[in-house]
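Biologist: I would like to go through the labels on this model. Please show it to me, and give the reasoning behind each one.

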Amino acid sequence: MQRYLIKNAFIVNEGNIMPGDVLIEEERIVRTGPQLNPPGSFEEINAEGLYLLPGVIDDQVHFREPGLTHKACIYSEARAAVAGGVTSFMEMPNTRPPALTQALLEEKYDIGAATSLANYSFFMGVSNDNAEEVIKTNAKKRSVCGVKVFMGSSTGNMLVDNLLTLEKIFSETELLIATHCENEQIIRNNLQRITAEKGEERLTAADHPLIRDEAACFESSFLAVQLAKKFDTRLHILHITTAEELQLFGNMLPLADKRITAEVCVHHLHFTSDDYAALGNRIKCNPAIKAPRHREKLWEALLDDRLDVIATDHAPHTAEEKQQPYPSAPAGLPLVQHGLLLMLEYVKKGSIPLEKVVEKMCHAPAVCFKIRDRGYIREGYYADLVLADLGGSTSVTPENLYYKCKWSPFEGHDFPAAIHTTFVNGYPVYGKNGFDESKKGKRLAFL
């Protein structure tokens, strides 16, 4: 039996920071408390001065497999994830081919089982013409994280703008529905107008938040909320970016009782439209990074619980693809290795308590998606854990990036914290000696 005793950590869990120890046997936490001295043999890990967090659960990533593996793959991006303290991820269906059938969805689970160091789940995808196939996912609601609906521009056959399809999905799906909300017609109108004014060759990344503007986000999110209320659907709106959308969400109910929840991403909490001048297409993403006033309001809503979850929307492309002219450069940026480190930097700045970071990145995803036995440091739960050194530092260089694309918008930045050790299912998969790939992650289970 493999046993680990983490000694003298500052345990961050359920709104508290307390010194203590954690005993791990096989895959699970068996005891927590001060000064544990269990009988028998175990490997002791001295965590003095370190903070022990539940593993981060990232509810929105794009790992590009199958079909786009020149950008990334489940193996490479899961390695980057655990190096960043992410122990579980939920991956999006817009691969090639997209996960629009039950067979294609299960193929992704097979790849995860064979290659992922982190625990994994994959969303079922929706198109305008696969509603019957989507409804079959109801039979898998204990083993699939949810259904993803692109109510805005996407690649391939995944833009869902047929109201009859949307009503069928919202009325008959028993799983959580996660939505990307941007109104396609508003975006097209904006693009046509701005292109006419400037000429396509003069468009730059700074035009991105003008093309994919506040109205496009609000109108689509408003429609999603209307549908969810009409059919009492469990709705989770991804990557909120505007002050206007925040009026659609409340903080009067405990998270477990909410039927409509919202996510914010680390890049929308950090960058603003002022950063396009220096970073250009590197921070081109959908929905767009917007003006500073929106970032300010996102922080307010995060801290007062109108926004429920922090995620990364990790979406890698090659450096060559991102260096194309703005109209051709793809949207998305790689973030999963540094999302937790970025939030720890904001902890040290005094912008957010460490307990709140754990709530939004670890506890809340587990509650929103009803994940079984994960997201907390509790006896009987899986030992998905991260030892973080808030006195350390992490310099971002191409040499220490684990993304397959090998670039980051944070290159040259020094985070004032470091990931010391990441445990997945009770096993240290990442630490000072690098990766231990002898164990693979597990398929997430849901209540």
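Modeller: Start with a rule: two strands pair if DSSP finds at least two bridges between them. This is a predicted model. On that rule, an open sheet of three strands has the order β6-β7-β8, with parallel pairing.

Biologist: How do you know that β6 and β7 pair?

Modeller: Pairing takes at least two bridges. β6 and β7 have four bridges, in the parallel sense. So the pair meets the rule. Within it, D58 stands opposite F89 in β7.

Biologist: What makes β6 and β8 the edges of this sheet?

Modeller: Each has a single partner strand, so one side of each is left without a neighbour in the sheet. Direction ignored, neighbouring strands here are turned by 20 degrees against each other on average.

Biologist: What lies across β7 and β8?

Modeller: Helix α2, residues 102-115, does. It runs at about 170 degrees to β8.

Biologist: Why is the pair of F89 and F122 called edge-to-face?

Modeller: The structure holds 16 aromatic pairs, and F89 with F122 is one of them. Rings pair if their centres lie within 6.5 Å, and planes over 60 degrees apart count as edge-to-face. Here the centres are 6.1 Å apart and the planes stand at 80 degrees. Both values pass, therefore the pair is edge-to-face. It links distant parts of the chain: F89 in β7 and F122 in β8 are 33 residues apart.

Biologist: How do you know that β1 and β2 pair?

Modeller: Again, the rule asks for at least two bridges. Strands β1 (residues 3-13) and β2 (residues 16-25) have nine, in the antiparallel sense. So they pair. A9 stands opposite G20 in β2. The two strands form a hairpin with two residues between them, and E14 in the turn has a positive phi of about 50 degrees.

Biologist: And how many bridges join β2 and β3?

Modeller: Five, also in the antiparallel sense. I24 has I29 in β3 as its bridge partner. β2 and β3 form a hairpin too, with two residues between them. In that turn, E26 has a positive phi of about 55 degrees.

Biologist: What makes α12 roughly antiparallel to α13?

Modeller: Helices α12 (residues 339-349) and α13 (residues 354-368) pack at about 150 degrees, with axes 9 Å apart. Angles over 145 degrees count as roughly antiparallel, so α12 and α13 earn the label. Their crossing is right-handed.

Biologist: Which residues meet there?

Modeller: From α12 come G339, L340, M343, L344 and V347; from α13, L354, V357 and M361. They divide into seven nonpolar, one polar and no charged. Gly counts as polar, so G339 is the polar one.

Methods
Residues numbered from 1 in each chain as written. Predicted model: local features only at pLDDT ≥ 70, side-chain atom pairs only at ≥ 80, totals over all residues. Heavy atoms only, no water. Axes fitted to C-alpha atoms, helices over the stretch in contact; angles between N-to-C directions. Parallel < 35°, antiparallel > 145°, perpendicular 65-115°, else oblique. Left-handed = near helix turned anticlockwise from the far one by under 90°. Contact = heavy atoms within 4.5 Å. Phe/Tyr/Trp six-rings, centres within 6.5 Å; stacked < 30°, edge-to-face > 60°.
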